Amino acid sequence: MSVRGTMGNNYRTGVWVSDHNYDVFDRRLGKSMVDREIRIAEPYRRIGSGAMKNNIKMKRLQIGNSVKEIGEEAFQGCSNLRSLALDGVRTVQRSAFQGCTNLKTLEIPKSLRYVEKNAFMENKAVREIRYEAGNLSTVISPEVFRECNRLQLIVLPEKLEKVGPRAFYKCKELDAIQFPATLKEIEEEAFYQNGLTELHLPNSLVKINDSAFFKCTQLEYVRLPESVKIIGKWVFHGCNRLKMLEIPGDPEIVGDWIVNRSCTIRCRKGSKIDKYCQENDFLCEYL
C-alpha cells in the first residue's frame, strides 16, 4: 500500500486520497493500515509517535525520501516486519523500531545522522547491520542495538567517535568488529557479554569506560593502543579466556579489576600500569 495524504472520502487503487496535505503520518492513519506491504511517502515529512505501534500484519515497509523524521515508538512491536527501507530519513527517535523481532538485516542510509536511545533494541532476529558508506554519524546512542542477540555483523559509520552506553549490550553472537580510525570513546557496558573472538582497537581511542567488554568470554588476547588514557573498572573482567592484555602506553586512570586474576598484563617496566599490577597483585610481563 502506498500512502499519500490522510484518509479522505475517496479510496482507489490502494492509495488514500485527501483534499488536504498533512506533514505528519499519525496514529489515526496508522491504525487504518492493514496491508502487508506499506510505503509512506509524499506529502509526509514526519511519522508521528506510535503511528503504527504493534502492527503485526505489516511485513514490508518503505519510507520515501520525503520523510525526514520517525517519532518515538512509531513502529515498536511490529513483530512481523521483515524488510525495511529508510531512504532519506535523517532522525529516528527513541524506541522507534524496538522489538521488531523478524527483521533480519538493517541498512542505515547515509542520510540518517541521529538514531536515538533504544531505536532498534530487542530486534532478536537481525543478523547484519550496515551503515552506508558516506554516513556521517559520530555517535551510536545508548542501547540502540541492545539485546539484538542474533547480530553477527556490524559495519560502523566511518566517522564514528563514540559508542554509547550498552549500545551492543548482550549481542551474544557478535564476534568481530572493525572500528573506524576516528573512534575516541567506548562507554560503559557498550559490548557487555558479546561473542567477540578478537578485538582490534584504533590508535585514536582515548577512553574505555567501566565494564565496556565485561563477560566477553571468547576473547583470548587484547592489545590496547598507546593512545588510551582512561581504562575504567572491570573493562575486561569476566573475560574468562583472556590470557593476555597488552598495554604499551601509560594510561592516566586505571580502574579496579580491569581483568581476572588469571590474565597476564603486559606493559612497560616502570610505567603506571607496572605499578598498578604490583599494587593489585596482577600477573605482569614486560614489553
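Let's start in a loop. Ser137 sits between strand E13 and strand E14 (139-140). This is a predicted model, so please hear every distance as computed.

Is Ser137 buried or exposed? Ser137 is buried, at a relative accessible area of 3%. What does its side chain do there? Two polar partners come up. The side chain of Asn135 makes a polar contact with that of Ser137, at 2.7 Å. The backbone oxygen of Leu112 is 3.2 Å from a polar atom of the Ser137 side chain. Now set aside sequence neighbours within four places. Ser137 then contacts Leu112, Arg113, Tyr131, Pro157, Lys159 and Leu160.

Next, a second loop. Ile177 lies between strand E16 (162-163) and strand E17 (185-186). Its relative accessible area is 8%, so Ile177 counts as buried. Which residues does Ile177 touch, leaving out those up to four places away in sequence? They are Ile154, Leu156, Phe191 and Leu196. Take Ile154. Along the chain, Ile154 and Ile177 are 23 residues apart, yet their C-alpha atoms are separated by 6.6 Å.

Now the core. The largest nonpolar core has 82 residues. Five phenylalanines touch the most other members: Phe75, Phe97, Phe168, Phe213 and Phe236. Which elements give two or more residues to this core? The strands are E5 (37-40), E7 (60-63), E11 (105-108), E13 (128-131), E21 (244-247) and E23 (264-267). Helix H2 (272-280) is on that list too. H2 gives the largest share, three residues.

Look at Phe168 up close. Not counting residues up to four places away in sequence, Phe168 touches a long list, including Ile140, Phe145, Leu151, Val163, Leu174, Ala190, Tyr192 and Asn194. Ile154, Leu156 and Phe191 are also among the residues that Phe168 touches. Those three names came up a moment ago, as contacts of Ile177.

On to H2. Ile273, Asp274, Tyr276 and Cys277 are buried in this helix. They cover an arc of only 160° around the axis, so they lie on the same side of H2. A reminder on helix geometry: an α-helix has 3.6 residues a turn, so residues three or four places apart point the same way. On the other side of H2, Lys275 and Glu279 are exposed. What do the buried residues of H2 pack against? They pack against E21, strand E22 (253-254), E23 and strand E24 (283-286). Just after the helix, Asp281 takes a positive phi of about 60°.

Cysteines next. How many disulfides does the structure hold? Zero. Cys78 is in no disulfide, and the nearest cysteine sulfur, in Cys100, is 5.2 Å away. Cys78 is also buried, at 0% relative accessibility. Why is Cys239 not bonded to Cys216? Their sulfurs are 5.1 Å apart, which is too far for a bond. For reference, the cut-off is sulfur atoms within 2.5 Å. Cys216 holds the closest cysteine sulfur to that of Cys239. Cys239 is buried as well, with a relative accessible area of 2%.

Last, confidence. The chain averages a pLDDT of 92, and 92% of the residues score at least 70. Where does the pLDDT fall below 50? That happens over residues 4-21. Beyond near neighbours in sequence, this stretch has 36 contacts in the model. A caution on those: where pLDDT is low, the predicted coordinates should not be read in detail.

Key: Residues are numbered from 1 along each chain as its sequence is written. This is a predicted model: local features need pLDDT of at least 70, side-chain atom pairs count only at pLDDT 80 or more; totals for chains, interfaces and linings use all residues. Side-chain values use heavy atoms; hydrogens and water are left out. A nonpolar core is a set of buried Ala, Val, Leu, Ile, Met, Phe, Trp, Tyr and Cys residues joined through side-chain atoms within 4.5 Å. Buried means under 20% relative accessible area, exposed over 50%, partly exposed in between (1.4 Å probe, protein chains only). Helices (H or I, at least four residues) and strands (E, at least two) are DSSP runs, numbered from the N terminus. Contact means heavy atoms within 4.5 Å. The arc is that of the directions from the helix axis to the C-beta atoms. A polar contact is a pair of N or O atoms within 3.5 Å; within protein, one must be able to donate a hydrogen and the other to accept it, and residues adjacent in sequence count only if both atoms are side-chain atoms. pLDDT is the predictor's confidence in each residue, from 0 to 100.
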